[in-house]
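Reader: I would like a close look at the charged side chains in this model, with attention to where they pair and to what surrounds them. Please take the salt bridges one at a time and then turn to any charged residue that is left without a partner.

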Amino acid sequence: MSVIYNRVALIGLGLIASSMFWAMKRKGLAGEVTGYARSSQTRDTARRIGLCDHVHDSAAEAVEGADLIVLCVPVGVMGAVAAEIAPHLKPGATITDVGSVKRDVIDHVGPHLPNGIHFIPGHPLAGTEHSGPESGFAELFDNRWCLLVPVEGSDAKAVARLRALWEGIGSNVEEMEADHHDLVLAVTSHAPHLIAYTMVGVADDLRRVTDSEVIKYSAAGFRDFTRIAASDPTMWRDVFLTNKDATLEVLGRFTEELFALQRAIRTGDGDHLHDYFTRTRAIRRSIIEAGQDTDAPDFGRTKASS
Ligand code: NAP
């Protein structure tokens, strides 16, 4: 595959940025990649592991001359970072982000950008519970979706070029409107994370009563919640604070359904429970058919790794 952008700047050097870097290198999609992260510790780690061709000590230096700038920082600081780099952007450059929420990023980044800059927000639907510069890997985005959320008046050629980059990285790309994106992600990602955090928190409270049995016997469902609930606290704090309305809407519905299931258990309404679980099992099947997860029992864990 050939070079799509001569110079790419990654701002923030964690899981997503490092995975993008290795995926771009795998296919030679970028001529040169520069990077910047807030702490000298992360910048030193990046230099040590060869993450980026050049790691700079300021965001302004990192974006100098870049054709594509990717904001890979927590959603809550996107606006501040945009303000910092705005005076240093090359005219005609494209700026995108990978944030998990889109309306808030558009509202906070857009106003800082000078005319002549193409702003095309994005969100790769891929991740793990790990974070930091050493957590990335080239295959993270393979066969996963990347949603592009062009703002009004986006240049079609600039959008097509960014789409080509994400396709080269391994993703399937679709365009989506920002508010719709935030609602879809509240259902598929944000509310489930909050529920996992809650479940693990509840179990932790119970653990004080049951000693260490919650951890010892965690194979039965709880373990899968703990993986999600180990996700980065800063990232997820920002997701909930910036996707407030959609998350609260979904949690409201969740609470209603939970009450209905609670009532079914109390009144012994087995038909309700059976019908409900039959419907949810079908959803799991359709995720597997769509190639978004493995059909292997227990997510393919081997006995040794479980
Ligand atoms: P991460 O591994 O925690 O990395 C975040 C990076 O941002 C770190 O390098 C951090 O630097 C840097 N940073 C934080 N504040 C900064 C600031 N004010 N200025 C400059 N750099 C700053 O996070 P991630 O998982 O890659 O997530 C990055 C973005 O991707 C988030 O917006 C998140 O919503 C989105 N996203 C995440 C996932 C996922 O599953 N993780 C999936 C899709 C999208 P230091 O190391 O120096 O603190």
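Author: What follows starts with the whole chain, goes through the salt bridges, and ends with a few residues that stand apart from them.

The model is predicted, and every value below is computed from it. Its secondary structure amounts to twelve helices and nine strands. The radius of gyration is 21 Å, close to the 19 Å that the globule rule gives for 306 residues, so the protein is as compact as a globular protein of that length. Measured out along its principal axes in the model, the C-alpha trace spans about 65 × 40 × 35 Å. Of the 306 residues, 42% count as buried, and among contacts between residues at least 6 apart in sequence, 74% join residues at least 24 apart. The exposed surface comes to about 16200 Å², of which carbon and sulfur atoms supply 55%.

As for charge, the protein carries 31 positive and 41 negative side chains, and the centres of these two sets lie 4 Å apart. Side chains of opposite charge can pair when their charged atoms come close. A search of the whole structure finds 15 salt bridges, and three of these pairs are described here, beginning with Arg43 and Asp57, going on to Lys90 and Asp67, and ending with Glu129 and Arg227.

In the pair formed by Arg43 and Asp57, the N to O distance is 3.0 Å. Arg43 lies in helix H2 and Asp57 in the loop between E3 and helix H3 (59-63), so this salt bridge ties together parts that are 14 residues apart in sequence. Arg43 has a relative accessible area of 10%, and because buried means under 20%, this arginine counts as buried. The pair also belongs to a wider arrangement, since a network of salt bridges links Arg43, Asp44, Arg47 and Asp57.

The side chains of Lys90 and Asp67 meet in a salt bridge at 2.6 Å, N to O. This pair links distant parts of the chain, with Lys90 in the loop between helix H4 (78-85) and strand E5 (94-97), Asp67 in the loop between H3 and strand E4 (68-71), and their positions 23 residues apart in sequence. The two partners fall into separate accessibility classes: Lys90, at 33% relative accessibility, counts as partly exposed, whereas Asp67, at 13%, counts as buried.

Glu129 and Arg227 form a salt bridge in which the closest N and O atoms are 3.2 Å apart. Glu129 lies in the loop between E7 and E8 and Arg227 in helix H9 (residues 222-228), so the pair ties together parts that are 98 residues apart in sequence. Here Glu129 is partly exposed at 21% relative accessibility, and Arg227 is partly exposed as well, with a relative accessible area of 39%.

Which charged residue is buried yet has no salt bridge? That residue is Asp104, and the nearest side chain of opposite charge, Lys244, is 9.0 Å away. A salt bridge requires a side-chain nitrogen of Lys or Arg within 4 Å of a carboxyl oxygen, so a separation of 9.0 Å leaves Asp104 and Lys244 unpaired. Asp104 is found in helix H5, which covers residues 103-109. Leaving out residues up to four places away in sequence, Asp104 touches Val75 and Thr242.

Beyond helix H5, His112 sits in the loop between H5 and strand E6 (118-119). With a relative accessible area of 36%, His112 is partly exposed. Neighbours within four places in sequence aside, His112 is in contact with Gly79, Ala82, Ala83 and Ala86. The C-alpha atoms of His112 and Thr294 are separated by 42 Å, and these two residues are 182 residues apart along the chain.

Two loop residues deserve a look at their backbone angles. Cys52, in the loop between helix H2 (40-49) and strand E3 (54-55), has a phi near 90°, a positive value in a residue other than glycine. At 8% relative accessibility, Cys52 counts as buried. Asn143, placed in the loop between strand E7 (122-124) and strand E8 (145-148), has a positive phi of about 60° although it is not a glycine. Asn143 counts as partly exposed at 43% relative accessibility, and Glu129 also lies in the loop between E7 and E8.

How values were computed: Residues are numbered from 1 along each chain as its sequence is written. This is a predicted model: local features need pLDDT of at least 70, side-chain atom pairs count only at pLDDT 80 or more; totals for chains, interfaces and linings use all residues. Side-chain values use heavy atoms; hydrogens and water are left out. Helices (H or I, at least four residues) and strands (E, at least two) are DSSP runs, numbered from the N terminus. Buried means under 20% relative accessible area, exposed over 50%, partly exposed in between (1.4 Å probe, protein chains only). Lys and Arg count as positive and Asp and Glu as negative; His and the chain ends are not counted. Contact means heavy atoms within 4.5 Å. The radius of gyration is taken over C-alpha atoms; the globule rule is 2.2 Å times the number of residues to the power 0.38. Accessible areas come from the Shrake-Rupley method with a 1.4 Å probe; for residues, only the protein chains shown count as cover. The place of a charge is taken as NZ of Lys, CZ of Arg, CG of Asp or CD of Glu.
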